[in-house]
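Visitor: Could you take me through one part of this structure up close? I'd like to hear about the aromatic rings, and then whatever you care to add about strands.

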Amino acid sequence: MSLLRRYSTHVMHHPSKAIAALVLLTLLFGWAASGVSFSSNEEDFLPTSDVAQANATVTKLFGSQGSAVTIVASSDANALSRDSLLSLLALEKDLLASDAASGIIERSYRSPTGIRSVASLVAQSLFAAEAFQAIAAEPGAYPGDAEAVQGDVLAAMLSLTPEDMRTIVSGGQYDLGLGGMPLTLTFAPYEPEMLGELIGASPFPDAFSFLISRDFDPEGGTAKRTIMSVSLAEGVPEAALVKGEQEMAALAENRGISDGTLTYRVLGDALVSQAITDASGKNIGMIMTLALVLVVAILAFVYRSIRDMALTILALGMAITWVFGAGRLLSFSFNPAITTVPVLIIGLGIDYGIHYNMRYREEVRKGLGSTPALIEAGSTVGFAIFLATVTTLVGFLSNVSSTVPSIRQFGILCAIGITSSWIVMVTFFPAAKAILDGRKERKGLPLVPAPSDKTRGWGWAKGRTESHGCPDPVCASGRASINRIVGLGAVASRRPALVLAVLAVITIAGAYEGLQLEARYDFRDFLPDGIEETRTTNIIFDEFSFSTEVITILATGDVADPAVLSAAAEAEQAALLSPYAVLSEPYETPLALARQLATPGSPTYDKAVAAWWQTADRDGDGLPDPSLDSEQITELYDLLFAAVPDAAGRVLHREGGRYTAMALRFPVNSRNGVLAPEVTASIVAASGPLEALEGGPLSAAVVTGGPAVQNEILSSINDSQISSVGLTLLASLLILTALYNSLKRSKALGFITLLPLVFVIIWTAGGMHLLGIPLNVVTVTIAAITVGLGIDYSIHVTQRFLEDVQTYETADCALCVAVHHTGSALFGSAATTVLGFGLLSLSIIPPLSQFGKVTALSVAFSFLAAVYVLPTFIKLWYGSAKKK
C-alpha cells in the first residue's frame, strides 16, 4: 500500500507529465492497431498437437483434400425432372464458359470438367448403358478385346461435354467411334421414373445418393433438392477465388431466373468468409455502439457528472487501443473469440473507475482536499483494485496453458487489457481529476455532487448511516432499496448454519446439472445467424447424406521399405472394413492408385504399371508379394509419378530421389463430428501395423485430418477447462494467501476470499447446461474468466472489512458497514459488466452470443456470492481467528 501511496503522490505532483505519457503510448498503440482486421480462420482453433501438426504436414507435402463450391438446386415440383436436369447442364455450360469461374475449377482424369451433378451422372449412366447394349448386340464388330473396348467406352463417357449430355437427356443421337468403327447411339428422352432403375444399373450408384436430398422417391424419381459440386483448383490467389465464386453465384442466380425451373444457392469458402466478415463487422459495430450508449447511461446515473463520465470513457478508449495495438504488434489473429476482449475491458475498466471515483468522493466528503483525497483513494481502494488486477491476470493468463492458439491469444490479450485498464485508471483518472478539481478547488467550487439527503448518501449509496455506534438498524437502514437488499448478506451472516445449508442445496443442484455439460465443436457454430450462407450450409448438412470428411494415416520415414508397404496394405484393408468408411467414394493410397492404373479398361490404364503389377502380384490377391525389395518398390513409385504425377503426389512424397512420406486417405462419415472419437479410434486401430514400425523404417505414423482433428479439439476443450481452472485457483490462492499473511498475519483469509468462486464456477456450469449452452472453443474460457472477474468483488468486500473492523467494535457491525460501503459500488460495477456482456448475446455468431450470456451469468453469481455468501465465511474466519 505504501508503494501505491508513493505512486499516487508522484502522479499528483506531475499530473500533466503522466497524462502526456499515456497519450503518447495511446498514439503509438493506435498507429499499430490501424491495420487490425477481423477474420474467421478454422486453423486458429486447431490445437498444437501431433495430430494437428500432422494435418498441416499432409497439406504441405500432399496438398489439401481439395475444396469445392456446392450449388444447391431446389424445386417446389421435382428437382429431378427432365427440365431440372437440363437447367443443371445449362448452368454447367455457363460455368465452363466464364473465364472467372472456369479459371478456378480443378480438372482431373476422373472429372475432366471438374463439375459433378445428378444431371451429368444421369447422362453418363444412360450413355454407358446404351453403348454397352449396342456393343453387345454386335459381338466382335469392334476391334480389341472386351477390356480395351470397355476402357474406350468409359473414356468417352468421361469426356462428354454439357452439350453432349443435353442431347442424351433430351433424347437424340450421339456418334461414338470405337477403334475407328462408327457407332451411333440413340437415346430416348429421360423421364424421372427411369431414375431408380438407372441408379441400380449405374457404375457408380452410391454417388447419386450424395447428390440427391433424403426425400428422394426412387419409384417416382422425385426429390425437392439436388447438389452440383464444383471442384476448386489449389493455389488459386485469394482475389481470383473470391471473384470466381462471386461469378458462380451470379451465373447460378441468372440461370434460375431465366429457366424458372430451379432456384439455386451457392456455397463456397470465399463467399462464406466474406459473408462472415461483413455480417460480423456490422454486428460488432452495433454491439459496441450499444455498449457505448449503455456505458454513458450508467455512468451518467452513477456519477451525475459529465466530466467524470468523459474521463472514464476516455480511459476505456485508451485501454482498448492499447490492447489492439499490442495484439497487432504480437501478430495475433483477430478471430471471433477476440471480439469479446473490448467488452471485457469495458466491464472491468468501469469497475475500476467506479470504485476509484466513489472512494475519492467519500474522502472529499470527509473533509479532505482534492489532492489528499486522490492519494488516499489511490492507496486504499487502489490496493483492492491492484489485488483484483493481479488475480484477474492470473485467471486470464491461465489460458496460456491451452493447446488451442485462439484461446492462448485470448488469454494474453485479456491480460494486456486488464493491465492497461489498471494503469490508465490509477494514472489518467487521478491525474486528470487533480488538474480539473484543483481548478475547482481554487475557485471555491464543490468538488463532488452534494448528497441528496440528510443521511449523506448519494446515488446508490443513498441512505448510508455513518453512526460509529453501529446499532442493529445499520444493516437494515438506508432508504435506497439497493442498500437494504445488499445489506441482507451481512444480516444473514449472523445465522451461518442457514446460509451454509442454502448454499449446499444450490451447489449440489448446480453440480448435478454441470456434470451433464458436454464439449462440442462444430464449424457451423461460427456461421452468423440470419445470413444466406448459413441457411445453405444447414440445408446441405440436414437434407443430404454425403461425406466431405477424409481421415488420413500419415507415415514418414523410408516408405519404400518392403515392411512399410506390407503394413500399408494391412492398414488399408483394415480401414476399409471400418463401419465408418464411406466405400462409395474413392480412397487414395499408393496401392489403390497402382491397382487402378494396372486395371485394363480403366480410364487411366498404364501398361508400365500393369506390367510391374503382373510380376509383383504373382498370386493374384491384389497385394504385392512380400518378397519385393526396396528397389522394386521404388520402381513402382517412379512409375506412378510418370503416369499420373498429380495423383501420385497426393499419396507419396519424395526428396532427393528418396521417398520419405506416404499418405493413406479414407473418406469417412462421423455425422458431422458426432462420431469423431469413434471414427478416430477405428482408424487408429487400423494404422496399428504402420505404428509398429515407428523407430524402425518409419519415424512416425499418425492418424490425422477431419474427424481426428475434431476429436483433438474436443479433447483440448476439456483439457483447457480443467487446466485453466486449476491454474487460476491455485495461483490466485497463493497470491492472496501470501499477501494477507504478510499484511494481516492470516494464512486462511486468502482461501476464505477465494472460496465463493469455487461455488460460482459450479453454479455457472449448471446454468450453462440449463440454458443449453455447450463447452466450445469460446465458452471453455468461462471458468478462468469467472475467477478473474469474480475475485474482484470478493477482494473489495474482504479488504473493506479489514479496514472497518479496526473502527467498529464487533465483526457484525464491521460486516454491515463494509457491505454498505462496497455493496452499492459493487452492484453498479456488476450491473455494468452484466449488461455489457449481455449485449454480446445479441451477436449473430452463436458462440459469442453464448459467451455473453454465460459471462453475464457468472458475473451475477460472483456478485451474489460476494455480498451474500462471503460475509458468512468472513465472520466464521474472524471468530476463529479471535479465539486464537
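Guide: Here is a walk through the aromatic pairs, followed by a look at one strand and its partners.

A word on the ground rules: this is a predicted model, so local features need pLDDT of at least 70, side-chain atom pairs count only at pLDDT 80 or more, and totals for chains, interfaces and linings use all residues. Residues are numbered from 1 along each chain as its sequence is written, and side-chain values use heavy atoms, with hydrogens and water left out.

A pair of aromatic rings is described by the distance of the centres and the angle of the planes. Rings of Phe, Tyr and Trp (its six-membered ring) pair if their centres lie within 6.5 Å; planes under 30 degrees apart count as stacked, over 60 as edge-to-face and the rest as tilted. The structure holds 15 aromatic pairs. Among them is Phe127 with Tyr174, edge-to-face, at 5.4 Å centre to centre and 85° between the planes. This pair links distant parts of the chain, 47 residues apart: Phe127 sits in helix H6 (residues 118–137) and Tyr174 in strand S3 (residues 173–178). Those labels are DSSP runs numbered from the N terminus, helices being H or I with at least four residues and strands E with at least two.

Buried here means under 20% relative accessible area, exposed over 50%, and partly exposed in between (1.4 Å probe, protein chains only). Phe127 is buried at 0%, and Tyr174 is buried at 17%.

Now for Phe386 and Trp422: their ring centres are 5.6 Å apart and the planes meet at 55°, so this pair is tilted. Phe386 belongs to helix H15 (residues 370–397) and Trp422 to helix H16 (residues 405–442), so the pair ties together parts that are 36 residues apart in sequence. Phe386 is partly exposed, with 30% relative accessibility, while Trp422 is buried at 17%.

Elsewhere, Phe410, Phe837 and Phe851 form one aromatic cluster.

On to strand S5 (residues 225–231): six of its seven residues are buried, so the strand is largely enclosed by the rest of the structure. Two strands pair if DSSP finds at least two bridges between them. Strand S1 (residues 68–74) pairs with S5 in the antiparallel sense over seven bridges, and Thr70 has Ser229 of S5 as its bridge partner. Strand S2 (residues 115–117) also runs antiparallel to S5, joined by three bridges. There, Arg116 has Ser229 in S5 as its bridge partner.
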